[in-house]
Amino acid sequence: MPEPLKRDPKAPKFLEITIKDSDGKVWSSVFAHPKDFSSGSVGYYVSEKITNPESAERYQCGLSFTLIGSKPKM
């Protein structure tokens, strides 16, 4: 796998993401950790199951944050 075209030297070790509903009630906080994606890009990724505090129904949450311009030229 080729090296990414760039990395962010000031990127934090992780991102904390707070998920709120339209009324501002917090459903969950999740942590996205650094990831080297199979495409060659770099960024952050998290996949978690979160629960609706009102109904107790569970949801699958997947988020990725990709550094723009990090994908190597193939």
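**View 1. L15 meets its partner in β2.** In this predicted model, L15 has A32 of β2 as its bridge partner. Zoom out a little and you get the whole pairing: β1 and β2, the latter covering residues 26–36, run antiparallel to each other and share six bridges.

**View 2. The sheet, strand by strand.** Here's the full set: four strands make an open sheet, ordered β1-β2-β3-β4, with antiparallel pairing. What happens at the edges? β1 (15–20) and β4 (58–66) sit there with a single partner strand each, so one side of each has no neighbour in the sheet. As for twist, neighbouring strands in this sheet are turned against each other by 25 degrees on average, ignoring direction.

**View 3. Walking the chain from the N terminus.** How many helices and strands does the protein chain hold? It's zero helices and four strands, and the elements read β-β-β-β from the N terminus on. If you like contact statistics, take the contacts between residues at least 6 apart in sequence: 44% of them join residues at least 24 apart.

**View 4. Overall dimensions and surface.** The C-alpha trace of the protein chain spans about 45 × 20 × 20 Å along its principal axes. Its radius of gyration comes out at 15 Å, while a compact globule of 74 residues would be near 11 Å. Buried residues, those under 20% relative accessible area, account for 24% of the 74 residues. The protein chain exposes about 5,600 Å², and 53% of that comes from carbon and sulfur atoms.

Terms used: Residues are numbered from 1 along each chain as its sequence is written. This is a predicted model: local features need pLDDT of at least 70, side-chain atom pairs count only at pLDDT 80 or more; totals for chains, interfaces and linings use all residues. Side-chain values use heavy atoms; hydrogens and water are left out. Two strands pair if DSSP finds at least two bridges between them. Helices (H or I, at least four residues) and strands (E, at least two) are DSSP runs, numbered from the N terminus. Axes are lines fitted to C-alpha atoms, for helices over the stretch in contact, and angles run from 0 to 180 degrees between N-to-C directions. The radius of gyration is taken over C-alpha atoms; the globule rule is 2.2 Å times the number of residues to the power 0.38. Buried means under 20% relative accessible area, exposed over 50%, partly exposed in between (1.4 Å probe, protein chains only). Contact means heavy atoms within 4.5 Å. Accessible areas come from the Shrake-Rupley method with a 1.4 Å probe; for residues, only the protein chains shown count as cover.
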